[in-house]
Every structure is written in C-alpha cells, then in structure tokens.
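Got your viewer open? Let's take a walk through this model, one selection at a time.

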Amino acid sequence: MGALAALILFAGVRGSWGTAQHVMLAKGRESGTVKVTRCAGDTCTGPFTPTSAGARPRARVEIEKSVAVRTGSTYAVVLKPGTAEAVRSGAAGVLYAWLPLGGALLLASVVVAGGMRLARVAWVLGLSGAVLLTAAFAASQ
C-alpha cells in the first residue's frame, strides 16, 4: 500500500510539473498579458502584450480553456519556449499548475487510511490536497 501511495503522489507531481516548470521557473521566458478574444474547444486565443525585456508582441497566442478563463478578460501569462502556447503566471498560475498534485494527495490519503491504517498521515495528506484545490479555486476567481 505504501508503494501504491508513493506511485500516486509521483504521478501527481509528474502531471503537475509539465505546466508548473514554466510558471515557477519563468526567468528568461517571455512574459506578458493575453486578452482572451475567442474560445473554442479546449483552447482560448488572444493577442499577447509583452511585459518582459526581449519579449515581442504576438497577434495570437493560445491558453488552455478552463473555468477560470473567460472571454474578454486579461491574464498574466508566460509563454512556453518556442511556441505560441501561454500558461497563466502569478499565484493563480502556480496553484492551477499544481492541481493534479492536489487530486493525488486526496487519493493517496484514502490509500494510506484504508490500506496502511495511518490515520494521522492520511489526514495530513487529505487536508493538504483539499487546501491546494480550494486555494486554486479561490485564486482563479
């Protein structure tokens, strides 16, 4: 059960790191704002206005569509290197990037509580996941 809980947590970190690395290690990346003008399918698009030195304006960048992205709103973003794909930056971006880890913490808490009978550890894992998910929801509003 311990190996299963560790595997779940590892999967949560791995799932989060793909986006979190661009937000947390933003030094040297193009950063700016995007005003969402259109959403279709799983992506929203809009013009990119740079705020960092060396960044260039772009007529169209893509940002992942979520409940926190609305047409007509402007968001602080970081561009993934070599692409026109934007990722939200700032506190909301960091919290949103780590959402898979929050879900993994909740799932691992059930495994730890039921399979390993470690109630205190399970409560810590579960509450940590719940706090992360709640903070991400609050920051995106």
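Before we click on anything, here is one term you'll need: a residue counts as buried when its relative accessible area is under 20%, as exposed when that value is over 50%, and as partly exposed in between. Keep in mind, too, that this is a predicted model.

**Stop 1: H22**

Select H22, which sits in helix α1. Is H22 buried or exposed? Its relative accessible area is 10%, and since the cut-off for buried is under 20%, H22 is buried. Now show what surrounds H22: leaving out residues up to four places away in sequence, it touches R29, V78, K80 and P81.

**Stop 2: L25**

Move along the chain to L25, in the loop between α1 and β1 (31-35). With a relative accessible area of 48%, L25 is partly exposed. Its contacts, once neighbours within four places in sequence are set aside, are W17 and A20. Try a distance too: L25 and V78 are 53 residues apart along the chain, and their C-alpha atoms are separated by 9.9 Å.

**Stop 3: α1 against α3**

Now color helix α1 (residues 2-24) and helix α3 (residues 99-115). How do they pack? The angle is about 175 degrees, and the axes are 7 Å apart. An angle over 145 degrees counts as roughly antiparallel, and α1 and α3 are therefore roughly antiparallel to each other. To see who makes the contact, select L4, A5, I8, L9, G12, V13, G15 and S16 on the α1 side. On the α3 side, pick L99, P100, L101, A104, L105, L107, A108, V111 and V112. Sorted by class, this contact has 14 nonpolar, three polar and no charged residues.

Zoom in on I8 for a moment. Leaving aside neighbours within four places in sequence, I8 is in contact with A104, L107, A108 and V111.

**Stop 4: the largest nonpolar core**

Next, select I8, W98, L101, V112 and L125 together. Of the 14 residues in the largest nonpolar core, these five touch the most other members. Helices α1, α3 and α4 (119-140) each supply at least two residues of this core. Which helix gives the most? That's α3, with six residues. Apart from this core lies another one, of twelve residues; C44, V61, Y75 and L79 are among them.

**Stop 5: L125**

Stay with L125 and you'll find yourself in helix α4. L125 counts as buried, at 15% relative accessibility. Beyond its neighbours within four places in sequence, L125 is in contact with L9, L105, A108, S109 and V112. For a long-range check, draw a line from L125 to D42: the two are 83 residues apart in sequence, and 31 Å apart in space from C-alpha to C-alpha.

**Stop 6: R117**

Go to the loop between α3 and α4, where R117 lies. R117 counts as exposed, at 67% relative accessibility. Check its backbone as well: phi of R117 is near 60 degrees, a positive value in a residue other than glycine.

**Stop 7: the annotated stretches**

Finally, select residues 95-114 and 121-139, where UniProt (an unreviewed entry) places the feature "transmembrane region". What does the model show in residues 95-114? That span is 95% helix and 0% strand, with its end C-alpha atoms 28 Å apart. Residues 121-139 are 100% helix and 0% strand, and the end C-alpha atoms there are 27 Å apart.

Definitions and conventions. Residues numbered from 1 in each chain as written. Predicted model: local features only at pLDDT ≥ 70, side-chain atom pairs only at ≥ 80, totals over all residues. Heavy atoms only, no water. Axes fitted to C-alpha atoms, helices over the stretch in contact; angles between N-to-C directions. Helix = DSSP H or I, 4+ residues; strand = E, 2+ residues; numbered from the N terminus. Parallel < 35°, antiparallel > 145°, perpendicular 65-115°, else oblique. Contact = heavy atoms within 4.5 Å. Nonpolar A, V, L, I, M, F, W, Y, C, P; charged D, E, K, R; others polar. Core = buried A, V, L, I, M, F, W, Y, C linked by side-chain atoms within 4.5 Å. Buried < 20%, exposed > 50% of the residue type's maximum accessible area, 1.4 Å probe, protein only. UniProt positions renumbered as here; feature names shortened; annotations may be inferred.
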